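Subject: Structure handover and notes

Hello,

Here is the structure you asked about, with notes on what was found in it. Please keep the model open while you read.

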Amino acid sequence: VSVDRKYLEDKSSAHIIGYVAETSVKDLENSELLREINIPGLKTGKNGLEKFLNEKVIGKPGLQRFEVNSSGKRIKELKLIQGISGQDFRTTVDQEVQRYTSELLEDKSASVCVMDIFTGDIVAMVSNPTFDSNKFVYGISQKEWDLLIQNDKKPLMNKSLSGLYPPGSTIKPVVALSALENDIASPKLMVQCKGSIELYGHKYHCWKEKGHGFMNLRSAIKQSCDIYFYEISRRLGIDRMSITAKDFGLGKKVLSNFHEERSGVVPDTKWKLKNIGTGWVLGETLISGIGQGYFQTTPIQLCLMMAQFANGGYQIKPRIIDDKYALQSTINAWREEFSSIKNNLSESKSGLKKLYRNKENIKFVNEALFGATNEPMGTSYRSRFTSEKYMYAGKTGTSQIRTISEEERKLKLKNIDLPYKKRDHALFVAFAPYKKPRYSISIVVEHGGSGSSGAAPIAKKILKKVLDRHELRKKYQLDLFQEV
């Protein structure tokens, strides 16, 4: 029995596919099949889909027994047990988009996820830096292994699934929706931003030093005003905020195919008491409202969050292994839902779960995200498209990895002036095209500075590539595009 592999040389999908290597004692302990078929030299899946699908891919060996004479020559066959071939699997990943995205991230420590907002298909999931899976098949050298594990940018980690980051301002659409759904704020609520507020002797700052002036909810999303979100977070409370965040996919695993995926953290009062042993305080609610504090998210969770905003507020189940029967079922459900909406029916038999109470609230947030990208003063305005075909709606995020001292504020140091490890992470989430959404994207660039300069320009290039390839992808999959 042997498993041999020849992986793609471009390495763009190494974290998704994983790799095979020599079967270890631990592998044998954990698998009855491997114990049954084990022979010297047996290779087994160690990571990614290779690990998850290992027993289905490996199959079962056959057996032949012969009667031989004294010189070892076969005389007749005594027994034949046919082997069982391993199953073939196909992923939902568009390898052209995957490769292109990997090239864009070549010199960065970063992650990009792209998802179909209706089917949940993972179109691209790139983690950089990456590694060469081929080197593991016949045993990696100690020198090459040391280079991988000693690299500060962690090339063996699938950052899309295992990287945990404060979401920063990408959480603001969730906070805004939660405030609207719980009737603690209306789109007309005005808040004055002077650049900072003081509460119980502690000062909370906006990213814009001199403030934004008077803001309503739409302008606060568009310009990402921290002071506004401190105020609606104070009114909302962490527990209600937490419920909405979890509904939209944060704080739990998104895919079931990877043992390395992590859940992240969506904090609330019970979580803090259980895990830290102290009660929740108001200041923690304020910083949670701008995606800091205890919040920890993965890039794939942020991509799912944006997909569920883009599809009108419906829960989807992301997938990376293609299954035409599951796809057909999903598309039938959406057709039923679209039919109900078109015919103005109060109830739908689609089975799709709605994540909203009032659909107008979802529409409001999405329209504000359009402003954030396509209107002057929007935080990603410089990365917009003017062509309607490519026009998208998105939200920037700058994820602080440490507390900024008063001295640093006075010096007005920019991220580029700081040592690499002290720079903020750059985040961006979006969906495209705006008028008939089909894809969501999330980008995290570690220590990339601001989301507007470090992440949004990359998203612009990737979304164009994805949309340019949409017609080609339709040949391989039923299409919903014209039915939205």
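The chain has 22 helices and 13 strands. Its radius of gyration is 25 Å, close to the 23 Å that the globule rule gives for 484 residues, so the chain is as compact as a globular protein of that length. Please note that this is a predicted model. Along the principal axes, the C-alpha atoms fill a box of roughly 95 × 60 × 45 Å.

Some totals for the chain come next. Of the 484 residues, 52% count as buried. The chain exposes about 23500 Å², and carbon and sulfur atoms supply 50% of that area. Among contacts in the chain with a separation of 6 or more, 70% are between residues 24 or more positions apart.

The open sheet

Five strands make up an open sheet, in the order β6-β5-β13-β12-β11, with antiparallel pairing. The edges are β6 (122–128) and β11 (393–399); each has a single partner strand, so one side of each is left without a neighbour in the sheet. From one strand to the next, the twist averages 10°.

At one edge, β11 pairs with strand β12 (residues 425–432) in the antiparallel sense, over seven bridges. One place to look is Ser399, whose bridge partner in β12 is His425. Helix α18 (residues 359–374) packs on the sheet and touches β11 and β12. The direction of α18 makes about 70° with that of β11.

At the other edge, strand β5 (residues 110–116) and β6 pair in the antiparallel sense over six bridges. Val112 stands opposite Val126 in β6. The hairpin of β5 and β6 has five residues between the strands, and Gly120 in this hairpin takes a positive phi near 80°.

Is β6 enclosed or open to the outside, given its place at an edge of the sheet? Seven of its seven residues are buried, so β6 is largely enclosed by the rest of the structure. An edge strand lacks a sheet neighbour on one side, but in β6 the residues are still buried.

After β6

Thr130 is found in the loop between β6 and α7 (134–137). Thr130 has 18% relative accessibility; the cut-off for buried is under 20%, so Thr130 counts as buried. Its side chain reaches the backbone oxygen of Lys11 at 2.9 Å. Leaving aside neighbours within four places in sequence, Thr130 is in contact with Lys11, Ala14, His15 and Pro155.

A second hairpin

Strand β8 (residues 196–199) and strand β9 (residues 202–205) pair in the antiparallel sense, over four bridges. Glu198 has Lys203 as its bridge partner in β9. This hairpin has two residues between the strands, and Tyr200 takes a positive phi near 50°.

Helices α11 and α12

Lys222 is found in helix α11 (residues 217–223). Is Lys222 buried or exposed? With a relative accessible area of 12%, Lys222 is buried. The side chain of Lys222 reaches the backbone oxygen of Pro376 at 3.1 Å. Not counting neighbours within four places in sequence, the contacts of Lys222 are Ala368, Gly371, Ala372, Glu375, Pro376, Met377, Gly378 and Thr379.

In helix α12 (residues 226–236), nine of the eleven residues are buried, so the helix is largely enclosed by the rest of the structure. The buried residues of α12 include Asp226, Tyr228, Glu231 and Leu236. Just after α12, Gly237 takes a positive phi of about 85°.

Phe66

Phe66 lies in strand β3 (residues 63–68). Phe66 is partly exposed, with a relative accessible area of 26%. Which residues does Phe66 touch, not counting those up to four places away in sequence? They are Arg74, Lys76, Glu77 and Leu78. Phe66 and Glu77 are eleven residues apart in sequence, and their C-alpha atoms are 4.4 Å apart in space.

Regards

Notes:
Residues numbered from 1 in each chain as written. Heavy atoms only, no water. Pairing = 2+ DSSP bridges. Axes fitted to C-alpha atoms, helices over the stretch in contact; angles between N-to-C directions. Contact = heavy atoms within 4.5 Å. Rg over C-alpha atoms; globule rule 2.2 N^0.38 Å. Buried < 20%, exposed > 50% of the residue type's maximum accessible area, 1.4 Å probe, protein only. Areas by Shrake-Rupley, 256 points an atom, 1.4 Å probe, with all protein chains shown as cover. Polar contact = N/O pair within 3.5 Å; in protein donor to acceptor, adjacent residues only side chain to side chain.
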